[in-house]
Amino acid sequence: MARKQEQEPAREEITEVARGILRMELPIRMPGLGHVNMYALLDDRGATLVDPGLPGPATRKAIRERLHQAGLAPRHVHTVVVTHSHPDHFGGAAYLARETGAEVVAHRSFRFGVLESRPEPEVSVDDLAAQAQADEDVDPEPGDVQTHRRAIERWNHRTPWGGEHPKPGLRTRLKWRAARWLGRSFIPVVTRPVVQGERLKLAGREWQVTHTPGHTEDHICLHDADEGIFLAGDHVLPTITPHISGLSLSKDPLDNFFASLDRVAAIPGVQLCLPAHGHPFEDLAARCEAIKRHHYERLERVKAIGRELGPATVQAFSHKLFKPRSWGGMAESETYAHLEHLRQGGEATCHRDGRGRLIYETG
Ligand SMILES: [Zn+2]
């Protein structure tokens, strides 16, 4: 099978994709992904970096090398934008903030470890409590944080559909704990929380924040209306569809994702879409449509599986929907999102069995 763009290994060369915007590829090794695009937005104050890769020394080295190639050093970085709370996007942010005092921009609901899981699935409750504490400093709605924390505590033990929650190994958890004790947590503190519609001045342009919940609840995209440039994060990727997690505070995460695709497809005048993985592309609205179509096909497939299986667990559905190499927490989570979407639309029903598992039936 041909390799997808998103799987290509990171190239060292940097490309200017628009005036003052450089695409820099950082190496990552995750299922289905070979690189993450870190975009450098240049202005007379220095640079903003969007999505600075995974945590760890390899990323730090790659960031320094790429900046050097562009005639820059870490000290020139005044802002880091994180499109969403996955480690391949925020990994270098805490490092850059420590080194350079860079401002960290992310959605107000930015949280790591809650909504899903790759490659490090879930952080412990106290990691999250620490993060929630940081949030409380900037979030005027502590009630939300409380609800969130309770949900997290529940999910740390069981998933909503009654499966085992994926957790990282003991070594990883100890490493994270040690990092936190040393004040070197890789989870960045968001110093500039943003919401839908907010405007940011970066690279001598004005960008509008578009909140696009779906892949994660805290996902944002940035849009420069003057030149029609759209920074898409993982919301819209050129040839793969982003994972949709069922582990969400939202009742119908798939529906949220559809609404976010519509919101983005309706933006007029987009000329260039800059995704976090894969190559820049032009027709954003068409790509949004194709991704929706993919999910409608998946929903049909889920209904067909239901007819074949009769009443079944989320895991059983996921084993029919995904190939064996993808089985596990993520596949179940996405299957659950699809089943819940059907249920909310009256096309499926569910109940809990004696072991606390959700059993779904599609008509
Ligand atoms: Zn990603």
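In the predicted model, the largest pocket is lined by 30 residues, and those lying nearest its centre are Ile240, Thr241, Phe322, Arg325 and Ser326. Two elements, α8 (284-309) and α10 (329-344), give two or more residues each to this lining, and the most is given by α10, which supplies 4 residues. The volume of the largest pocket is about 1200 Å³. Sorted by class, its lining comprises 11 nonpolar and 11 polar residues, together with 8 charged ones.

Helix α10, which contributes to the pocket lining, also packs against a second helix, α9 (residues 314-321), the two axes coming within 9 Å and crossing at roughly 100 degrees. An angle in the range of 65 to 115 degrees counts as roughly perpendicular, and α9 is therefore roughly perpendicular to α10. On the α9 side the contact is made by Val314, Gln315, Phe317, Ser318 and Leu321, while α10 brings Ala331, Glu332, Thr335, Tyr336 and Leu339 to it. The residues in the contact of α9 with α10 divide by class into 6 nonpolar, 3 polar and 1 charged.

In addition to its contact with α9, helix α10 lies across strands β14 and β15, and its direction runs at about 55 degrees to that of β15. These strands belong to an open sheet of 3 strands, in which the order is β13-β15-β14 and the pairing is antiparallel. The edge positions are taken by β13 (312-313) and β14 (348-352), each of which pairs on one side only. Strand β13 is joined to β15 (residues 358-362) by 2 bridges, the two strands running antiparallel, and within this pairing Ala312 has Tyr360 of β15 as its bridge partner.

A further open sheet consists of 5 strands in the order β8-β9-β10-β11-β12, and here the pairing is mixed. Its edges are formed by β8 (199-202) and β12 (272-275), each of which has a single partner strand, so that one side of each is left without a neighbour in the sheet. With direction ignored, neighbouring strands of this sheet are turned against each other by 25 degrees on average. Within the sheet, β9 (residues 205-211) and β10 (residues 220-224) pair in the antiparallel sense over 4 bridges, and His211 stands opposite Ile220 in β10.

Technical notes
Residues are numbered from 1 along each chain as its sequence is written. This is a predicted model: local features need pLDDT of at least 70, side-chain atom pairs count only at pLDDT 80 or more; totals for chains, interfaces and linings use all residues. Side-chain values use heavy atoms; hydrogens and water are left out. On a 1 Å grid over the protein atoms alone, a cavity is a set of points where a 1.4 Å probe fits but cannot get out, and a pocket is an open set with protein on both sides within 12 Å along at least five of seven lines; lining residues have an atom within 4 Å of a point. Grid points are joined across faces, edges and corners, and a volume is the space filled by probe spheres set on the points. Ala, Val, Leu, Ile, Met, Phe, Trp, Tyr, Cys and Pro count as nonpolar, Asp, Glu, Lys and Arg as charged, and the others, Gly among them, as polar. Two strands pair if DSSP finds at least two bridges between them. Contact means heavy atoms within 4.5 Å. Axes are lines fitted to C-alpha atoms, for helices over the stretch in contact, and angles run from 0 to 180 degrees between N-to-C directions. Angles under 35 degrees count as roughly parallel, over 145 as roughly antiparallel, 65 to 115 as roughly perpendicular and the rest as oblique.
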